[in-house]
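Please open the model in your viewer and keep the sequence panel visible. The tour below proceeds by selection, with a short account of what is found at each stop.

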Amino acid sequence: MVRGRFGQLVTLTVVAAAAATVLAGCGGDDSGVDEDKLVIYSGRQEGQVKPIIDRFQEETGIEVSVRYGNTAQLAAQLIEEGEGTPADVFFSQDGGALGALTNQNRLEKLPDEVLNRVPEQYRAENGTWVGTSGRSRVIVYNPDLVPEADVPDSVFELTEPTWKGKVGIAPSNASFESFVTAIRVIKGDDVAAAWLRDLKANDVQTFDNNILILNAVKEGVVPLGLINHYYWYEQVAEEGRDKMKARLKFLPGGDPGALVNVAGAAVLAGSDKADQARRFVEFLLGDESQAFFAEHTKEYPLVAGVDPVDDLPALDTLQAPDIDLSDLDTLERTLSMIQDAGLT
């Protein structure tokens, strides 16, 4: 199962190509949405967010028309459509895509009372977008194969001989690509490229997605892997904690492997339904919506007073790297690095 949560945005050359493909696929000018309603472009999958969008309509009486798709492609389409877009709201899986739209002056500033509901690191510095839920990168490990005390404290340890052939990654998955982009932003391109080459040389095991990594760790195929936290919590909810033969480690010390990324929302500049669009963004930050994300998608609520599920560590206790999530908007170089390292 590929959930496509962290849709990414490449540089504008690739964005334009993606937009052209999307537009051709949807019949040119036919956007497939009802412009008489509040139009939302959603990079979040329908199964993830439709219930909360339906609740918004029920509670406010505002009718909504939603286009679901890949975050990168929708962001590309918004750039291609420019001021003529039918969209009023962009509901993104990734801070980088929102950052790219900010750079193109396609988003309007949100009210301070909306922005201030979320910690500064999970919203745009200039106020053009706000995070709605968060997720952390983690190491998942099999305690029968690796004692907790031996699990690495940094992703940079995974290239050591001790872990040769014992680590699972999903190099073509957007969440992994976003994480590698974070390494580039934090440590520089040379460090990121060397780390990827060293992973390949250390016989890293590759999988198509995070669920396959989690299952491989549970079954002892590999002792540990790199995933997002919520996959583990979803399986616990389905199978029960006593049957879960894997554990999570949240990395310390601001390691890039502890990246906390967000889904987020923004109002499109020039929207003729800006007031309704702002109400939708504000609704996503309400207690009901935040509890929905915590309980349904097992993500971190970003608004104070709403607790995460089960024993998920509190968000403010995570030792995530200090990074502007808008800077995760340069994926093209990341994709080239992963390919050059022979991982895809």
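A residue is called exposed when its relative accessible area is over 50%, and buried when that area is under 20%. The model is a predicted one.

**Stop 1: two loop residues**

Select Asn105 in the loop between helix H4 (95–103) and helix H5 (112–115). With a relative accessible area of 62%, Asn105 is above the 50% limit and therefore counts as exposed. Its backbone also deserves inspection: phi of Asn105 is near 60°, a positive value in a residue other than glycine.

Next, select Lys298, which belongs to the loop between helix H11 (287–296) and strand S10 (300–301). Here too phi is positive, at about 60°, although Lys298 is not a glycine. Is Lys298 buried or exposed? The relative accessible area of Lys298 is 12%, so this residue is buried.

**Stop 2: the whole chain**

Zoom out and colour by secondary structure. The chain contains 12 helices and 10 strands. Its radius of gyration is 20 Å, close to the 20 Å that the globule rule gives for 344 residues, so the chain is as compact as a globular protein of that length. Along the principal axes, the C-alpha trace spans about 60 × 40 × 35 Å.

Colouring by accessibility is a useful addition: of the 344 residues in the chain, 57% are buried. Among contacts with a separation of 6 or more, 78% are between residues 24 or more positions apart.

**Stop 3: Met337 and its surroundings**

Select Met337 in helix H12 (residues 331–340). The relative accessibility of Met337 is 4%, and this residue therefore counts as buried. Which residues is Met337 in contact with, leaving aside its neighbours within four places in sequence? They are Arg184, Asp189, Ala192, Ala193 and Leu196.

Add Arg197 to the selection and draw a distance between the C-alpha atoms. Met337 and Arg197 are 8.8 Å apart in space by that criterion, while 140 residues separate them in sequence.

**Stop 4: helices H7 and H12**

Extend the selection to the whole of H12 and to helix H7 (residues 189–201). These two helices pack at an angle of about 35°, and their axes are 9 Å apart. The crossing of H7 and H12 is right-handed. On the H7 side, the contact is made by Asp189, Ala192, Ala193 and Leu196; on the H12 side, it is made by Arg333, Met337 and Ile338. Five residues of this contact are nonpolar and two are charged, with no polar residue.

**Stop 5: helices H2 and H10**

Finally, select helix H2 (residues 46–60) and helix H10 (residues 274–284). Their packing angle is about 120°, with the axes 11 Å apart. H2 and H10 are therefore oblique to each other. Their crossing is right-handed.

Display the side chains on both helices. From H2, the residues to look for are Ile52, Ile53, Arg55, Phe56, Glu59 and Thr60. They meet Gln276, Arg279, Phe280, Phe283 and Leu284 in H10. The contact of H2 with H10 comprises six nonpolar, two polar and three charged residues.

Technical notes:
Residues numbered from 1 in each chain as written. Predicted model: local features only at pLDDT ≥ 70, side-chain atom pairs only at ≥ 80, totals over all residues. Heavy atoms only, no water. Axes fitted to C-alpha atoms, helices over the stretch in contact; angles between N-to-C directions. Helix = DSSP H or I, 4+ residues; strand = E, 2+ residues; numbered from the N terminus. Parallel < 35°, antiparallel > 145°, perpendicular 65-115°, else oblique. Left-handed = near helix turned anticlockwise from the far one by under 90°. Contact = heavy atoms within 4.5 Å. Nonpolar A, V, L, I, M, F, W, Y, C, P; charged D, E, K, R; others polar. Rg over C-alpha atoms; globule rule 2.2 N^0.38 Å. Buried < 20%, exposed > 50% of the residue type's maximum accessible area, 1.4 Å probe, protein only.
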